[in-house]
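Student: I would like to learn how to read the features of a model such as this one, taking them one at a time. Could we look at the structure together before we begin?

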Amino acid sequence: MINQFITLTLLCAAISGVAQQTAKITSPDGKLAVEVSTVSEGKPVFAVTYNGKDILEPSPLGFKSDVGDFTKNMAITTVKQGVVNKSYYQDRIKK
């Protein structure tokens with residue numbers, strides 16, 4: 001889920017038009033959803049819902065750096081979805 005969110009966030013980094021675009025990722029059980037969209041002036045925002053209830057309201061996404069301003073004039077160019085199957089084992093935990 002986190003890998004998909006990071007991938008989706010990075011895909012928003014292509015500079016393009018100003019039309020609103022939306023991409024949504026849901027958990028396997030469909031309860032948790034992350035939605036990334038571009039609003040006016042191509043400003044990227046994200047929101048998180050669980051069971052249809054807002055967990056995080058639409059919040060700004062992006063940053064300014066020496067390379068460029070990644071807070072506006074953004075567009076979702078490609079959405080790629082896949083399945084991530086990872087298991088974690090902590091061998092240094094106290095029991």
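Student: What share of the 95 residues of the protein counts as buried?

Tutor: Buried means a relative accessible area under 20%, exposed means over 50%, and partly exposed lies in between, with a 1.4 Å probe and protein chains only. By that measure, 22% of the 95 residues of the protein count as buried. Please keep in mind that this is a predicted model, in which local features need pLDDT of at least 70 and side-chain atom pairs count only at pLDDT 80 or more, while totals for chains, interfaces and linings use all residues. Residues are numbered from 1 along each chain as its sequence is written, and side-chain values use heavy atoms, with hydrogens and water left out.

Student: Which elements of secondary structure does the protein have, from the N terminus on?

Tutor: Helices (H or I, at least four residues) and strands (E, at least two) are taken as DSSP runs and numbered from the N terminus. Here they come to one helix and six strands, and their order along the chain is α-β-β-β-β-β-β.

Student: How do the strands pair, and what is the order of the strands in the open sheet?

Tutor: Two strands pair if DSSP finds at least two bridges between them. In this model an open sheet of four strands has the order 2-3-4-5 with antiparallel pairing. Strand 2 (21-26) and strand 5 are the edge strands, each pairing on one side only. The twist averages 15° from one strand to the next, where axes are lines fitted to C-alpha atoms (for helices over the stretch in contact) and angles run from 0 to 180 degrees between N-to-C directions.

Student: How many bridges join strand 3 to strand 4, and how many does strand 2 share with strand 3?

Tutor: Strand 3 (residues 32-38) is joined to strand 4 by seven bridges, while strand 2 and strand 3 pair over six bridges. V34 is a useful residue to follow, since its bridge partner in strand 4 is V48, and V34 is also the bridge partner of I25. On the other side of strand 4, strand 5 (residues 53-60) pairs with strand 4 over five bridges, and there F46 stands opposite S59.

Student: Is strand 4 mostly covered or mostly open, and which residues make up the largest nonpolar core?

Tutor: Strand 4 (residues 44-50) is mostly covered, with five of its seven residues buried. A nonpolar core is a set of buried Ala, Val, Leu, Ile, Met, Phe, Trp, Tyr and Cys residues joined through side-chain atoms within 4.5 Å. The largest one here consists of five residues, namely V34, V36, F46, V48 and L61. Strand 3 and strand 4 are the elements that give two or more residues to this core.

Student: Is S37 buried or exposed, and with which residues is S37 in contact?

Tutor: S37, which belongs to strand 3, is buried, with a relative accessible area of 8%. Its opposite residue in strand 4 is V45. Contact means heavy atoms within 4.5 Å, and, leaving aside neighbours within four places in sequence, S37 touches Q21, T22, K43, P44, V45 and I76.

Student: Where should I look for a positive phi?

Tutor: Most residues other than glycine have a negative phi. In the hairpin of strand 2 and strand 3, which has five residues between the strands, G30 in the turn has a positive phi of about 80°. The hairpin of strand 3 and strand 4 also has five residues between the strands, and there E41 takes a positive phi near 65°. N51 lies in the turn of the hairpin of strand 4 and strand 5, with two residues between them, and has a positive phi of about 55° although it is not a glycine. N73 has a positive phi near 55°; this residue is found in the loop between strand 5 and strand 6 (74-75) and is partly exposed, with a relative accessible area of 36%.

Student: How many aromatic pairs and salt bridges are there?

Tutor: A pair of aromatic rings is described by the distance of the centres and the angle of the planes. Rings of Phe, Tyr and Trp (its six-membered ring) pair if their centres lie within 6.5 Å, and planes under 30 degrees apart count as stacked, over 60 as edge-to-face and the rest as tilted. The count comes to one aromatic pair: the ring centres of F63 and F70 are 5.3 Å apart and their planes are at 45°, so the pair is tilted. A salt bridge is a side-chain nitrogen of Lys or Arg within 4 Å of a carboxyl oxygen of Asp or Glu, and a search of the whole structure finds one. R92 forms a salt bridge with D91, their closest N and O atoms being 4.0 Å apart, and both R92 and D91 are exposed.
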